[in-house]
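The following exercises concern a single structure and are each followed by a worked solution. Please inspect the sequence and the coordinates before reading the solutions.

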Amino acid sequence: MSSMAREILAFILTTSGWVLVSSTLPTDYWKVSSIDGTVITTATFWSNLWKTCVTDSTGVSNCKDFPSMLALDGYIQVCRGLMIAAVCLGFFGSIFALIGMKCTKIGGLDETKARIVSFAGLNFVCLGLCSLTACSLYAHRITSEFFDPMFVAQKYELGAALFIGWAGSTLCILGGALFCLSLSEGMSSSSSPYPSDRRAFVNSGVSVMSRAAPRSQSSHARRPLPEYTSPSQQFDKNAYV
């Protein structure tokens with residue numbers, strides 16, 4: 001796979017993951033519970049990071065926003081912060097990725113673009129880790145309360161938003177890792193003594209010289225050897241007196 005195709009694939013993965021992670025913030029069903037009657041479900045309780053609601057059998061929902069941020073449980077505050085940070089990281093990562101990708105005309109030299117797109121990949125990896133941590137922390141709280149025999153309040157189960165967040169986190173981490181691979185290629189291309197254009201020029205010059213070499217050798221081969229006379233013919237015996 002070429003580097004440009006890999007970057008396009010990484011951009012598709014990271015953008016899709018960022019959209020999925022962003023969609024979990026307004027999603028209602030982070031945790032859900034239901035009270036079943038003899039025939040139908042009489043009420044459904046669900047909650048997210050911002051409010052808790054109950055829906056009766058007629059489809060009417062009554063919601064209550066969390067009254068104060070300082071009065072919230074610690075895990076909800078941590079999940080809020082991590083998810084908001086993940087959305088912001090995805091926004092800046094998308095901008096850096098568009099600048100640093102090879103299929104765009106902005107960003108400067110290949111070495112500079114490789115560094116920019118690697119920084120974008122690092123942002124997406126951090127995005128995935130933040131979202132993964134938030135969803136896992138929220139799910140751990142739900143499961144610990146569900147399996148605790150001493151917990152007598154309403155017990156909840158995992159909602160759809162957690163699975164969407166886990167899927168988006170995985171896509172962001174995979175795409176960010178693919179973006180980070182561009183740094184090694186950019187450094188390897190910049191470590192060569194000549195740029196790509198000059199390397200092509202040098203290679204063409206070498207081929208021309210290699211074609212011209214047999215001609216020069218043949219001309220040297222046809223050149224007659226010089227005739228040398230022996231010292232005895234040039235000097236007589238009186239020259240040594």
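The expected span of a helix is 1.5 Å times one less than its number of residues. The model used throughout is a predicted one.

**Exercise 1. Helix α2**

Determine what span is expected for helix α2 (residues 74-100) and compare this with the distance between its end C-alpha atoms.

Solution.
1. Helix α2 holds 27 residues.
2. At 1.5 Å a residue, the helix should span 39 Å.
3. The end C-alpha atoms are 38 Å apart, which agrees with the expected span.
4. As a complement, the buried residues of α2 include Tyr75, Ile76, Cys79, Arg80 and Met83; glycines are also among them, namely Gly90, Gly93 and Gly100.

**Exercise 2. Salt bridges in helix α3**

State how many salt bridges the model contains, and describe the setting of the pair Glu111 and Arg115 and of the pair Glu145 and Arg141.

Solution.
1. The criterion is a side-chain nitrogen of Lys or Arg within 4 Å of a carboxyl oxygen of Asp or Glu. The count by this rule is 2 salt bridges.
2. In the pair Glu111 and Arg115, the closest N and O atoms are 3.0 Å apart. For Glu145 and Arg141, the N to O distance is 2.9 Å.
3. Glu111 and Arg115 are 4 residues apart in helix α3 (residues 110-146), so about one helical turn separates them. Glu145 and Arg141 also lie in α3, 4 residues apart, or about one turn of the helix.
4. An α-helix has 3.6 residues a turn, so residues three or four places apart point the same way.
5. Glu111 is partly exposed, at 29% relative accessibility, and Arg115 is partly exposed at 49%.
6. Glu145, at 16% relative accessibility, counts as buried, whereas Arg141 is partly exposed at 31%.

**Exercise 3. The hairpin of β3 and β4**

Establish in which sense strands β3 and β4 pair, and identify the residue with a positive phi in their hairpin.

Solution.
1. Strand β3 (residues 51-56) pairs with strand β4 (residues 61-65) in the antiparallel sense, over 5 bridges.
2. Within this pairing, Lys51 stands opposite Asp65 in β4.
3. The hairpin has 4 residues between the strands, and Gly59 takes a positive phi near 90°.

**Exercise 4. A nonpolar patch**

Name the residues that make the nonpolar surface patch and give its area.

Solution.
1. The patch is made by Met4, Ile8 and Ile12 and covers about 250 Å².
2. Ile12 is found in helix α1 (residues 3-24).
3. At 47% relative accessibility, Ile12 counts as partly exposed.

Key:
Residues are numbered from 1 along each chain as its sequence is written. This is a predicted model: local features need pLDDT of at least 70, side-chain atom pairs count only at pLDDT 80 or more; totals for chains, interfaces and linings use all residues. Side-chain values use heavy atoms; hydrogens and water are left out. Helices (H or I, at least four residues) and strands (E, at least two) are DSSP runs, numbered from the N terminus. Buried means under 20% relative accessible area, exposed over 50%, partly exposed in between (1.4 Å probe, protein chains only). Patches are made of residues with over 30% relative accessible area and no salt bridge: like charges are joined within 9 Å, nonpolar side chains (Val, Leu, Ile, Met, Phe, Trp, Tyr) within 5 Å. Accessible areas come from the Shrake-Rupley method with a 1.4 Å probe; for residues, only the protein chains shown count as cover. Two strands pair if DSSP finds at least two bridges between them.
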